[in-house]
There are 2 protein chains.
Amino acid sequence: MSIAEIGEFGLISRVVARLGTGSAALLGPGDDAAVVAAPDGRVVASTDVLVEGRHFRRDWSGPADIGHRAAAANLADIAAMGATPTALLVAFCAPADLDVAWAEELAGGLSEEAALVGASVVGGDMSSSRTITIAVTALGDLGGRPPVVRSGAQPGDVVAIAGRTGHAAAGYTILSRGFRTPKMLVEAYRRPEVPYAAGPSAATHGATSMIDVSDGLLQDLGHIAAAGVVGIDVRTDAFEVPGPMRDAAAALGVDPYQWLLAGGEDHALVATFPPGAALPGGWREIGTVHNGTGITVDRKAWSGPAGWDHFR
Amino acid sequence: MSIAEIGEFGLISRVVARLGTGSAALLGPGDDAAVVAAPDGRVVASTDVLVEGRHFRRDWSGPADIGHRAAAANLADIAAMGATPTALLVAFCAPADLDVAWAEELAGGLSEEAALVGASVVGGDMSSSRTITIAVTALGDLGGRPPVVRSGAQPGDVVAIAGRTGHAAAGYTILSRGFRTPKMLVEAYRRPEVPYAAGPSAATHGATSMIDVSDGLLQDLGHIAAAGVVGIDVRTDAFEVPGPMRDAAAALGVDPYQWLLAGGEDHALVATFPPGAALPGGWREIGTVHNGTGITVDRKAWSGPAGWDHFR
């Protein structure tokens, strides 16, 4: 059954039936706007958009996978401020001949990923379009803490990471070469595992800056270096190449460190902590901040691409 | 100069230069997420998406017009809850060969419309796409008042409107028949004049339900009737047909009441008030709520379309 057959309001009612309710949702879908609890007196807000053919392919990912990934990209941005996600709003554009079940499963994936952090989809909008487009806005609460911004890194700080890198990039390369295994990497591309709790935890442990790795570790650390007017050196010996990644890299003729250091979309969190600070659980040291500019790897310039540009 | 030539980050810096800063923007664009004041302890949030070919045409509207309209559609939703808008987030998708100036002027329009209510664009995302798509999320503050929802209308209530209807629909019909005048109606289509302040004002005057007229007055009143399980009768003698609209309707062979009663996109606010309530400034009575179901016009069924479905 196509969306055209049931119309905009038919689609809305079917999609809304797939959504859960988080504790912060004071007024959910169905009115002109939602009302979300903001107990801190401030709200953290971020928007991320996924476009078919650019961010996902329907032959590589199912609709629930795409929902998980769209939600994760946004929820990770909230976590990267040291905040706890509270709600999502979703703008969904699709051709009128799209199967209704596809949209319902997308909503299910969005809702399930949000539920991992106690959040829910509280509103949205739908339109026909020849290009499937999913724009998600996430809201979050700082719980009384200052936001952890990109600009606070100081020379001498420790650079640490929570979560994994390179997995989604490896999965993407594998799929783009026509393979479907190793399954662990393909699944990592389809549904990132984001260390959401590590964001607020870093904030309470004094993180001086933080960002989520959406475009590539070196590129995203580049934003921290530029914002803080500091240099950052990353040590490759801090990264272990998992067995399936080593095998895939060998089979495909790829340097696995290109995935680990420049691959995006796993939505790891990377942060800087004052020297000597005890890192909270889930965080591990990968480098240092110094009095310089730009990013080096093992004290040398990185020769490969550092990340992703959405218009190039 | 195309977006491809300056890349994603080049585009972001040029667009951000066009954005102002509202008083609620505690942390604006440039980090993983924005931080917006939510003094009420709750935040009102709404998302609306505009798609090229569906919601706008580049030969009918300039980029600044489209920015104004995208912002207005969202800010009106916040006002319709009785809240004051505080911030916008914008997801922007466009082909890489789009002229950079187009995106900059779009940002200028979004920013100018937001500034009308003291709000500003605090964040967003960009991606390439073959379809220009603008998804806007608006946030707002209730100032301690309960939200005015769609479901509160009671039999005996007065139905009142703030702002105009039919103007944008008339402008749309005029443009779609290949004309460019009357200018007043074409401009109304390009840049709606939304009575933002009438939303909070209705809330403080005891409005029992409220909605913004985005799809068509009768269709949107239908949502209020359905949510409140009441009937609503609209009186045509409450509507004056402006001279330019009468002329255009005669020239094009259209019933002007079709525009006034079923045309969307002017983003008037329509609300119900308890019987005998003094209507706040800018509001005028157009009908009554009764113990029934559905919408009637002068106590009769309406024979034309009631509004717009985005998938049909």
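How far is the sulfur of B:Cys93 from the closest cysteine sulfur, and which residue holds that sulfur? In this predicted model, the closest one sits in A:Cys93, 8.0 Å away, which is too far for a bond. The cut-off for a disulfide is 2.5 Å between the two sulfur atoms, so this pair does not qualify. Seen from the other chain, A:Cys93 is in no disulfide either, with the sulfur of B:Cys93 as its nearest cysteine sulfur. Over all chains, the count of disulfides comes to 0. A disulfide, after all, is a covalent bond between the sulfur atoms of two cysteines.

Both of these cysteines are tucked out of reach of the probe. A:Cys93 has a relative accessibility of 1% and therefore counts as buried. B:Cys93 also comes out at 1%, so it too goes down as buried.

A good way into the surroundings of these cysteines is A:Thr133, a residue of strand β6 of chain A, which runs over residues 133–141. A:Thr133 is buried, because its relative accessible area is just 1% and the limit is 20%. Setting aside neighbours within four places in sequence, A:Thr133 touches residues of chain A including A:Val49, A:Leu50 and A:Val51. The list of contacts also takes in A:Ala91, A:Phe92 and A:Cys93. From chain B come B:Cys93 and B:Thr133. So A:Thr133 is in contact with A:Cys93 and B:Cys93, the two cysteines discussed above. The side chain of A:Thr133 also has a polar atom 3.0 Å from the backbone oxygen of A:Thr131.

Now for the interface as a whole. The size of an interface is often given as the accessible area lost when the parts come together. Here, chain B and chain A bury about 5200 Å² between them, and carbon and sulfur atoms account for 58% of that. In terms of residues, 70 from chain B are in contact with 70 from chain A. The rule picks out 4 salt bridges across this interface. One of the salt bridges in the model joins the side chains of A:Arg150 and B:Asp31, with 3.7 Å from N to O. Polar contacts across the interface of chain B and chain A come to 24 residue pairs, counting pairs with both residues at pLDDT 80 or more. On the side of chain B that touches chain A, strand β3 (residues 42–51) gives the most, with 9 residues. That side of chain B splits into 39 nonpolar, 16 polar and 15 charged residues.

Strand β3 of chain B is followed by a loop leading to α2 (63–79), and B:His55 has its place there. At 8% relative accessibility B:His55 falls under the 20% limit and so counts as buried. A polar atom of the B:His55 side chain lies 3.5 Å from the backbone oxygen of B:Val49.

Two more residues round off the tour. A:Gly222 belongs to helix α7 of chain A, made up of residues 217–228. With a relative accessibility of 23%, A:Gly222 counts as partly exposed. From A:Gly222 to A:Thr296 is 74 residues in sequence but 9.7 Å in space, C-alpha to C-alpha. In chain B, B:Arg299 is found in the segment after β12 (294–297). B:Arg299 counts as exposed, because its relative accessibility is 72% and the line is drawn at 50%. B:Arg299 and B:Gly20 are 279 residues apart in sequence, and their C-alpha atoms are 48 Å apart in space.

Technical notes. Residues are numbered from 1 along each chain as its sequence is written. Chains are lettered from A and ligands numbered from 1 in the order in which they are written. Side-chain values use heavy atoms; hydrogens and water are left out. Buried means under 20% relative accessible area, exposed over 50%, partly exposed in between (1.4 Å probe, protein chains only). Contact means heavy atoms within 4.5 Å. Buried area is the accessible area (1.4 Å probe) that two parts lose on being put together, summed over both. A polar contact is a pair of N or O atoms within 3.5 Å; within protein, one must be able to donate a hydrogen and the other to accept it, and residues adjacent in sequence count only if both atoms are side-chain atoms. Helices (H or I, at least four residues) and strands (E, at least two) are DSSP runs, numbered from the N terminus. Ala, Val, Leu, Ile, Met, Phe, Trp, Tyr, Cys and Pro count as nonpolar, Asp, Glu, Lys and Arg as charged, and the others, Gly among them, as polar.
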